[in-house]
Amino acid sequence: MAARILSGKEFAAKIKEAAGRRAAALCAAGVHPRLAVIIVGADPASEVYVRNKRKACEELGILSDHIALPAETTKAELLACIDALNADAGVHGILVQLPLPAQIAASEEEILRRIDPRKDVDGFHPVNVGQLAIGAPGLRPCTPAGCIRMLEYAGIPIEGARAVIIGRSNIVGKPMAHLLLERNATVTICHSRTQNLAAVAREADILVAAVGRPRFVTADMVKPGATVIDVGINRIAPKQLVGDVDFDAAAEVAGAITPVPGGVGLLTVAMLMENVVQAAQAQMEQGGVEG
Ligand code: NAD
């Protein structure tokens with residue numbers, strides 16, 4: 001295996017260390033960063049994610065409220081819950097764990113829009129999406145922001161690099177493109193209708209896979225020496241997770257690669273912690289928050 005393995009654990013620890021320092025400074029200034037996580041119903045994968053978020057908060061001295069609503073919660077009830085958290089000056093970050101149960105899933109956009117953009121620590125609110133698009137400060141989606149932070153810590157140059165992203169979702173592909181562009185990469189976004197995908201992918205110095213298909217990116221799609229970031233999380237057996245990249249084969253060609261598990265997933269949670277402290281700090285500076 002030739003590639004350098006980019007360990008999510010190592011880089012997540014660095015992100016969390018920095019977030020923990022900022023959290024401590026805020027506490028010393030009288031503001032105790034606080035995250036509220038709303039989970040509706042009992043999706044087993046969501047429960048694992050929420051537990052991980054809570055653990056990370058505990059580790060860093062960030063307060064976290066776990067609001068578990070029954071599966072039959074109506075849209076009006078969920079919106080009322082969000083309204084109460086928006087109005088609570090002691091809560092700095094609000095996150096609604098997705099997916100939502102069937103009866104309210106269609107209203108996902110309306111529900112996410114209800115979160116005060118200053119507390120939108122997932123970075124999914126259209127205000128934050130717009131801020132990212134115009135390069136203005138705001139809360140950035142955790143997964144792509146975590147990938148960028150990892151590249152920076154790992155000393156992998158972004159400026160001038162050819163970056164190819166496979167996947168154009170609102171939570172990974174598109175924000176990743178904006179974040180790379182902001183750092184002066186030359187960015188191509190590929191998707192399900194892209195022609196000659198392998199040839200386009202092979203041009204990448206930085207190749208990001210966010211497709212949701214097990215081992216979709218094969219070694220022949222990787223330029224020798226490229227950095228491969230595998231965002232995919234695919235469960236192929238009850239206890240087996242694989243990424244969107246054929247890891248063993250791609251690692252023979254790539255210069256650096258993230259594993260799954262143990263890669264981008266850990267960065268996402270770490271970046272959420274940073275977003276909570278960023279939100280708390282911004283709210284403190286604007287006035288009107290309680291510690
Ligand atoms: P999505 O389903 O919203 O988007 C998938 C994208 O892949 C689409 O834009 C689609 O155009 C593209 N695509 C599908 N088939 C393709 C093909 N044949 N060729 C080229 N492009 C194709 O998925 P998402 O929410 O962006 O998630 C992608 C993956 O990342 C999933 O496995 C998800 O579980 C994982 N994920 C991981 C984290 C993390 O923290 N590590 C966070 C979010 C998502």
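In this predicted model, helix α2, covering residues 44–60, lies across β2, β3 and β4 and runs at about 170° to β2. Helix α3 (residues 75–87) packs on the sheet as well, touching β2, β3 and β4, and its direction makes about 175° with that of β2.

The strands beneath these helices are quickly described. Three of them make up an open sheet, in the order β3-β2-β4, and the pairing is parallel. At the edges sit β3 (63–69) and β4 (93–96), each of which pairs on one side only. Ignoring direction, neighbouring strands of this sheet are turned by 15° against each other on average. As for the pairing of β2 with β4, strand β2 spans residues 34–40 and joins β4 in the parallel sense over four bridges. To pick out one spot to look at, Val37 has Leu95 in β4 as its bridge partner.

Now for the other sheet. Here six strands line up as β1-β11-β8-β7-β5-β6, again an open sheet with parallel pairing. Its edge strands are β1 (4–5) and β6, and each of these pairs on one side only. In the listed order β5 stands between β7 and β6, and its pairing with both can be followed residue by residue.

Take β5 itself to begin with. This strand runs over residues 162–166 and is mostly covered, with four of its five residues buried. On the β6 side, β5 pairs with residues 186–190 in the parallel sense, over five bridges. Within that pairing, Val164 stands opposite Thr188 of β6. Getting from β5 to β6, the chain passes through helix α8 (residues 173–182), and this β-α-β crossover is right-handed.

On the β7 side, β5 pairs with residues 206–209, also in the parallel sense, this time over four bridges. Two positions help to place this pairing in the viewer: Ala163 stands opposite Ile206 in β7, while Ile166 stands opposite Ala209 in β7.

Helix α8 then ties into this part of the picture through its contacts. Besides linking β5 to β6 along the chain, α8 packs on the six-strand sheet, touching β5, β6 and β7. The direction of α8 makes about 170° with that of β5. For the three-strand sheet, the corresponding angles to β2 are about 170° for α2 and about 175° for α3.

Terms used
Residues numbered from 1 in each chain as written. Predicted model: local features only at pLDDT ≥ 70, side-chain atom pairs only at ≥ 80, totals over all residues. Heavy atoms only, no water. Pairing = 2+ DSSP bridges. Axes fitted to C-alpha atoms, helices over the stretch in contact; angles between N-to-C directions. Contact = heavy atoms within 4.5 Å. Buried < 20%, exposed > 50% of the residue type's maximum accessible area, 1.4 Å probe, protein only. Right-handed = clockwise from strand over helix to strand, strands pointing away.
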